[in-house]
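Please find below some notes from a colleague's reading of this structure, set out as numbered points.

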Amino acid sequence: MPKISAQQLIKLILCFLPPLILLSMPMDSIPIPELTLIQHRLLAIFLLAALLWVLEPVPVFATSILIIALELIMISNKGLHWFRSLPEGHRFGELINYKDILGAFSSPIIILFMGGFALAIAATKYELDNNLARVLLKPFGHQPKFIMLGLMVITACFSMFMSNTATTVMMLALLGPIIASTSREDKGIKALVLCIPIAANTGGIATPIGTPPNAIALQYLTGENSISFLSWMMMGLPFVLIQLTIAWFLLQKLFPSQEKSITLNLSGGFRKSWRAMTVYVTFALTIILWMTTSLHGMNTYVVSIIPLAIFTLTGIMGKEELKQINWDVLWLVAGGIAIGIGLEKTGLASAMANAIHYESLAPMLVVITLSIVCWLMANFMSNTATANLLMPIAAAIGTSMTSLHSVGGLQGLLVVVAFSASLGMILPVSTPPNSLAYSTGLIDSKDMAKMGIIMGVVGLLIVYSASWIIF
């Protein structure tokens, strides 16, 4: 049984100390006007979540489960009696229905991710991913720079509809024979390895289901502010194409290859069994349905349950395959949704947004400030956790500031914040694709930092320019 290290213990103490100090402070000393007791408690839970997600003394999914537990105990209508009583001289606020908090794990976003995981698991089981990648890589020839371009295009395409972690695992496996065909001293190897996490992190921006921050943003884009699957792609896909083009030229410049040609073994064939064919058809059908929601009336979340139903009914996914679903990611997302529910139901998000006089700031300055904070945080913690923390605040600002209409209002603000979260890729720990690429031992953290900083700054500038034009 693993023991907790001294470093983890110190981190845990550092995480719990500020929320405990916050809870012991008089509410009037906190710079948020008219703060209620319930909001005070939720603010402490919010601070604890931020510290645990940043410092990671415990797994990020454990933090999410803890947050849900604390909300149920401290601010729900079925929590401890002691927490449901009103201390003298305090503004109590309204308790949250416990069903709303528990409903975080049954959110449509969770079903969206489960559908994506089902597609990834079935594709891997029947070698659709490897075979399709091999076929797609053939047209790119034998020159290292074009092989790199092929790797980036394929990785980005897969990460638009699959987990970027699963995509990176698949593409790094495909990279094996390519690396074996070149000298380990060749700088071009670093470019080939780095291009995969860059494409995986960036490619997911193109679709609502490509990366968690996009899906989290959609949670707050409802009613007249809703964005369809195709509309999101019309914004995200051009951005991804521009980013990947810049990254491709930059990688060639920073890590030039000494090899003139690389010979690849691209043998392989698609399976012909009825189950394999079912996977192929379902994969294509799901993507088409996601892209044509306005034609058939089913939204993205409803479509996501279809592959899961087909695969389990046909035996393509059994008990063992269901165990392969990334439940830790689902719990992480659920914790963020629970935080969002708490911030909305208690009114804390609105109170926090109104605590700063955003109306006195230029609309574009508000957008830039929030996106830079989001990008900086995403480099040091999970982009999903970053989006979980900032999206509710950004949503509250977007709905309260009428002047933001000049830069796209709520839509423009949340799209920029979502894009910014996915641009955080400076460190090996910034994203799972970065960690996987670093684990090959073929690149150094300074190589990743160099590319991550440049691509992050360039990406933010493109986002600001595009938001100014589009919105």
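1. A residue is called buried here when its relative accessible area is under 20%, exposed when that value is over 50%, and partly exposed in between. With a relative accessible area of 34%, Leu23 is therefore partly exposed. The model is a predicted one, and the points that follow should be read with that in mind.

2. Leu23 belongs to helix α1, which covers residues 6–24. Together with Phe16 and Leu20, Leu23 makes up a nonpolar patch on the surface, and the accessible area of these three residues together is about 260 Å². In an α-helix there are 3.6 residues a turn, so residues three or four places apart point the same way.

3. Helix α2 (residues 37–55) has 19 residues, which at 1.5 Å a residue should span 27 Å, and the end C-alpha atoms of α2 are indeed 27 Å apart. This helix is mostly covered, since 15 of its 19 residues are buried. Just after α2 comes Glu56, whose phi is positive, at about 50°.

4. Helix α9 (residues 188–203) can be put to the same check: 16 residues at 1.5 Å a residue should span 22 Å, and the end C-alpha atoms lie 22 Å apart, in agreement with that expectation. Like the helix of the previous point, α9 is mostly covered, with 15 of its 16 residues buried. For helix α7 (residues 144–159), also of 16 residues, the reach from first to last C-alpha is 22 Å, close to the 22 Å expected. The buried residues of α7 include Pro144, Ile147, Met148, Gly150 and Leu151.

5. How many aromatic pairs does the structure hold? The number is 8. In the pair of Phe239 and Phe419, the ring centres are 5.3 Å apart and the planes stand at 40°, so the pair is tilted. Because Phe239 lies in helix α11 (residues 229–254) and Phe419 in helix α20 (residues 409–422), this contact ties together parts that are 180 residues apart in sequence. Phe239 and Phe419 are both buried. Elsewhere, Phe146, Trp248 and Phe249 come together as one aromatic cluster.

6. The count of disulfides is 0, where the criterion is a pair of cysteine sulfur atoms within 2.5 Å. For Cys15, the closest cysteine sulfur is that of Cys374, at 20 Å, which is too far for a bond. Cys195 is likewise without a partner, because the closest cysteine sulfur, in Cys157, is 13 Å away and too far for a bond. Cys15 is buried, with a relative accessible area of 0%, and Cys195 also counts as buried, at 0% relative accessibility.

7. There are 5 salt bridges by the criterion used. One of them joins Lys345 and Asp100, whose closest N and O atoms are 3.8 Å apart. Since Lys345 lies in helix α16 (residues 327–346) and Asp100 in helix α4 (residues 98–102), the pair ties together parts that are 245 residues apart in sequence. Lys345 is partly exposed, with a relative accessible area of 47%, and Asp100 counts as partly exposed at 29%.

8. Glu321 and Lys125 form a further salt bridge, with 3.1 Å between the closest N and O atoms. Here Glu321 is placed in helix α15 (residues 319–323) and Lys125 in helix α5 (residues 108–125), so that parts 196 residues apart in sequence are tied together. Is each partner of this pair buried or partly exposed? Glu321 is buried, with a relative accessible area of 14%, whereas Lys125 is partly exposed, with a relative accessible area of 31%.

9. The side chains of Lys190 and Asp444 meet in a salt bridge as well, at 3.6 Å from N to O. This pair links distant parts of the chain, given that Lys190 is in helix α9 and Asp444 in the loop between α21 and α22 (445–470), 254 residues apart. Lys190 counts as partly exposed at 22% relative accessibility, and Asp444 is partly exposed with a relative accessible area of 35%. Through salt bridges that share partners, Lys190, Asp444 and Asp447 are joined into one network.

10. A last remark concerns Pro428, which is placed in the loop between α20 and α21 (432–438). At 15% relative accessibility, Pro428 counts as buried. The C-alpha atoms of Pro428 and Phe380 are separated by 9.5 Å, while the two residues are 48 residues apart along the chain.

Note on methods:
Residues numbered from 1 in each chain as written. Predicted model: local features only at pLDDT ≥ 70, side-chain atom pairs only at ≥ 80, totals over all residues. Heavy atoms only, no water. Patch = residues over 30% accessible without salt bridge, like charges linked within 9 Å, V, L, I, M, F, W, Y side chains within 5 Å. Areas by Shrake-Rupley, 256 points an atom, 1.4 Å probe, with all protein chains shown as cover. Salt bridge = Lys/Arg side-chain N within 4 Å of Asp/Glu carboxyl O. Helix = DSSP H or I, 4+ residues; strand = E, 2+ residues; numbered from the N terminus. Buried < 20%, exposed > 50% of the residue type's maximum accessible area, 1.4 Å probe, protein only. Expected span 1.5 Å × (residues − 1). Phe/Tyr/Trp six-rings, centres within 6.5 Å; stacked < 30°, edge-to-face > 60°.
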